Amino acid sequence: MRFDVVVIGGGLAGMACAIGLAEQGKRCAVVSSGQSALYFSSGSLDLLAQLPDGTPVDAPLAALSELARQAPQHPYSLIGADRVAQLSDEAAQLLQRCGLSLQGSNERNHLRITPLGTRRATWLSPKTIPVTPLAGELPWESVAVIGIEGFLDFQPQLAADSLIQALGVRTRGDWLHLPALDRLRNNPSEFRAVNIARVLDLPENLMPMEDELRRLAGDAEAIFLPACLGLEEDAPLVALQAAVGKPVRLLPTLPPSVLGMRLHQALRRRLQQLGGIFMPGDSVLRADIDAGRVTGLYTRNHGDIPLQAQQVVLASGSFFSNGLVADFDGVREPVFGLDVESRADRADWSRSDLFAPQPYLQFGVRTDGRLRALRCGEALTNLYAIGAVTGGYDPLQQGCGAGVSLIGALHVAQQIAAEEGRP
Ligand SMILES: Cc1cc2nc3c(=O)[nH]c(=O)nc-3n(C[C@H](O)[C@H](O)[C@H](O)COP(=O)(O)OP(=O)(O)OC[C@H]3O[C@@H](n4cnc5c(N)ncnc54)[C@H](O)[C@@H]3O)c2cc1C
């Protein structure tokens, strides 16, 4: 099977890269073994929220030169500040073409409200979630935070108390009881955001939900619910807002994340509309490499029949997605045996303080400035590495995970397109 490009991994990085390539007419296949980090994410996309030395970042683009000084191996430092600025604009436009309705700017972070009622700086957030400017307030003086009875992943009282302390809004927490959820509620392990959304999205449940929310919200100006609504589209939320006659916003929940799944579905839909091929549930196991080029990829489902491509993009994620594997004697990249940035002594991989930045989060595949993957110190000429499989940054402490994935993806997509256009 021959393609222009095979992308390994269908997370944010792999999908964005494949879409960028398919938009330029490339025949792309994405092989993806399992659920990506999007299924576990808040649905908000971080660009840069903190420098390595702990300084909070208000204006991500303006902070890139200081980031390059503190972290020369950060993917943004390798790509260069001007190009990061340009590609972050283009990434936001790509997400818009996928039909995603996002708020935020690369010039200035905003704060999203977390499920605990605290605030966290980020770049782009779904329009359905409540946000504030960095030094600003919510647009409402009173909010009703309403959980779903029996859904233990979201505690409305906890969120309400934090909102009172952090923002001074009048809030109270309460529980929504809907008989339509009783059957699901009987099995606590199935009582998860996604399954609840499947029930609440049904048109026949709109009216009972509206009645209950009106009663519980009283005179509150807005309602916050856990993100257990709108699994496929925003229509159920839009209908609910119209029915209750006040803004209803969704707070991210513990995984599986409805907001993150919506992102994944939008990306997948766009790729397939463009003629890209998505191969879920398949894994690239090994590769043929000849004279510094990847010449064939072997997957679990295709056995001895290799996938062949002019260019290959590795977007297999970090430890979480098995893009990196930690053994007793070291950290390795399992498909190609690429060079991995890590620390020799296992004791240095983590810190005992759980809340301190963890060194292993910075581990990852080494690349050159074009993001071509290195093996034995040499760049493989047609293999690029993007997103969480690459090293040199800490997505958690620096708040830059989605930005690194999207910007690396478009950086590589544009290079591949330009390269293949050359005679
Ligand atoms: C739990 C969690 C929550 C996060 N939340 C946020 C957030 O809210 N906002 C934010 O900005 N960042 C968040 N991040 C950071 C996140 O790493 C990036 O934002 C980004 O989503 C990473 O995308 P990725 O495509 O590089 O990797 P991943 O999302 O990890 O995707 C890698 C994919 O590759 C597949 N794969 C692996 N090996 C193979 C193989 N051999 N063959 C085929 N497929 C393979 C995996 O199954 C997976 O689907 C979060 C990270 C984690 C772990």
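**Rings, ligand contacts and buried residues**

Student: Why does Phe 320 count as exposed?

Tutor: Keep in mind that this is a predicted model. Phe 320 has 53% relative accessibility, and exposed means over 50%, so Phe 320 gets that label.

Student: Okay, and what makes Phe 40 partly exposed?

Tutor: Phe 40 comes in at 39% relative accessibility. Buried needs under 20% and exposed needs over 50%, so with 39% Phe 40 falls in between and counts as partly exposed.

Student: How many aromatic pairs does a search of the whole structure find?

Tutor: Five turn up. One of them is formed by Phe 40 and Phe 320.

Student: What makes Phe 40 and Phe 320 an aromatic pair, and why is it edge-to-face?

Tutor: Two checks. Their rings are 5.0 Å apart, centre to centre, and the limit for pairing is within 6.5 Å. The planes meet at 85°, while edge-to-face asks for over 60 degrees. Both conditions hold, so this is an edge-to-face pair.

Student: How do you know that this pair links distant parts of the chain?

Tutor: Look at where each ring sits. Phe 40 is in the loop between β2 (28–32) and α2 (64–70), and Phe 320 is in the loop between β15 (308–314) and β16 (325–327). That puts the two residues 280 residues apart.

Student: What about Trp 140 and Phe 224: why is that pair edge-to-face?

Tutor: The ring centres of Trp 140 and Phe 224 are 6.0 Å apart, with the planes at 75°. Pairing takes centres within 6.5 Å and edge-to-face takes over 60 degrees, so the label fits. The pair also ties together parts 84 residues apart in sequence, because Trp 140 is in the loop between β7 (131–133) and β8 (142–148) while Phe 224 belongs to strand β10 (residues 222–226).

Student: Why is Trp 140 called buried?

Tutor: Its relative accessible area is 12%, and the cut-off is under 20%, so Trp 140 is buried. Phe 224 passes that test too: with 0% relative accessibility, Phe 224 counts as buried.

Student: How do you know that Arg 286 lies over the face of Tyr 298?

Tutor: Arg 286 is 4.1 Å from the ring centre of Tyr 298, and the distance limit is within 6 Å. Arg 286 has to be within 35 degrees of the ring normal as well, and it is listed as lying over the face. Likewise, Arg 346 lies over the face of Phe 328, at 4.7 Å from the ring centre.

Student: Which residues are closest to the ligand?

Tutor: Gly 34, Ala 37, Ser 42, Ser 321 and Ala 388, out of 33 residues that surround the ligand.

Student: What makes the approach of Ala 388 to the ligand a polar contact?

Tutor: A backbone N or O atom of Ala 388 is 2.8 Å from a ligand oxygen, and the cut-off is within 3.5 Å. Ala 402 also brings a backbone N or O atom, at 3.1 Å from a ligand oxygen. Ser 32 uses a side-chain N or O atom, 3.3 Å from an oxygen of the ligand.

Student: Why is helix α1 called mostly covered?

Tutor: In α1 (residues 12–22), 11 of its 11 residues are buried, including Leu 12, Met 15, Cys 17 and Ile 19.

Student: And why is Gly 330 buried?

Tutor: Gly 330, found in strand β17 (residues 330–332), has a relative accessible area of 18%. Buried means under 20%, so Gly 330 is buried.

Conventions. Residues numbered from 1 in each chain as written. Predicted model: local features only at pLDDT ≥ 70, side-chain atom pairs only at ≥ 80, totals over all residues. Heavy atoms only, no water. Phe/Tyr/Trp six-rings, centres within 6.5 Å; stacked < 30°, edge-to-face > 60°. Helix = DSSP H or I, 4+ residues; strand = E, 2+ residues; numbered from the N terminus. Buried < 20%, exposed > 50% of the residue type's maximum accessible area, 1.4 Å probe, protein only. Near = heavy atom within 4 Å. Polar contact = N/O pair within 3.5 Å; in protein donor to acceptor, adjacent residues only side chain to side chain.
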